[in-house]
Amino acid sequence: MTIGIGLSIAETITSAAFEKAAELKLKPLTVAVLDAGGHTVLLKRQDGSSIMRPQIATGKAVGALAVGTGTRWLNANAESRPHFVNALNGVSGGAIVPVPGGVLIRGADGQTLGAVGITGDTSDNDEACAVAGIEAASLTADCG
């Protein structure tokens, strides 16, 4: 049986992501955890995280859900096929942020359970914190 992403799992992911950020001495982060339907389960912002970070974190998670893999894939396609990413962002109403930091959450059976979007530091560091959070919840991270 596949579980969904509930508040307790989202809290585990977020706490572990913030712990990883502290370990790496990163700038303040914002974390968005969405379920497989794209609904926000938890949005948490560290003190000092800048004003648009909730929208960016959510846009990274939405991007991962939209294409069925992490936003690293979207970033690569933004460089090689900008017309595709522009069209995708257009049909999504501008909801997608196509840079690393949006990571798909997969269950043991490979099913998509949701996505995590993190922003606040470099995209690579944001992604590393998302992976740490997902793995702390004993789930599988798909970065794309």
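The following exchange examines the aromatic pair and the nonpolar cores of a predicted model.

User: What makes tryptophan 73 and phenylalanine 84 an aromatic pair, and why is the pair called edge-to-face?

Analyst: Their ring centres are 6.0 Å apart, and because centres within 6.5 Å count as paired, the two rings qualify. The planes stand at 85 degrees to each other, and since an angle over 60 is classed as edge-to-face, that is the name the pair receives. A search of the whole structure finds 1 aromatic pair.

User: Why can one say that this pair ties parts of the chain together?

Analyst: Tryptophan 73 belongs to helix H3 (residues 71-80) and phenylalanine 84 to helix H4 (residues 82-91), so the pair links parts that are 11 residues apart in sequence.

User: How do you know whether tryptophan 73 is buried, partly exposed or exposed, and what of phenylalanine 84?

Analyst: Tryptophan 73 has a relative accessible area of 31% and phenylalanine 84 one of 28%; because buried requires under 20% and exposed over 50%, both values lead to the description partly exposed.

User: Which residue lies over the face of phenylalanine 84?

Analyst: Arginine 81 does, at 4.5 Å from the ring centre, which is consistent with the limit of within 6 Å for a charge over a ring.

User: Which residues have the most contacts inside the largest nonpolar core?

Analyst: They are Ile5, Val33, Ile105, Val116, Ile118 and Leu139, in a core of 24 residues, to which helix H1 (7-24) gives the most, with 6 residues. A second, separate core of 5 residues includes Leu34, Ala61, Ala64 and Ala115.

Conventions. Residues are numbered from 1 along each chain as its sequence is written. This is a predicted model: local features need pLDDT of at least 70, side-chain atom pairs count only at pLDDT 80 or more; totals for chains, interfaces and linings use all residues. Side-chain values use heavy atoms; hydrogens and water are left out. A nonpolar core is a set of buried Ala, Val, Leu, Ile, Met, Phe, Trp, Tyr and Cys residues joined through side-chain atoms within 4.5 Å. Buried means under 20% relative accessible area, exposed over 50%, partly exposed in between (1.4 Å probe, protein chains only). Helices (H or I, at least four residues) and strands (E, at least two) are DSSP runs, numbered from the N terminus. Rings of Phe, Tyr and Trp (its six-membered ring) pair if their centres lie within 6.5 Å; planes under 30 degrees apart count as stacked, over 60 as edge-to-face and the rest as tilted. A charge sits over a ring if NZ of Lys or CZ of Arg is within 6 Å of the ring centre and within 35 degrees of the ring normal.
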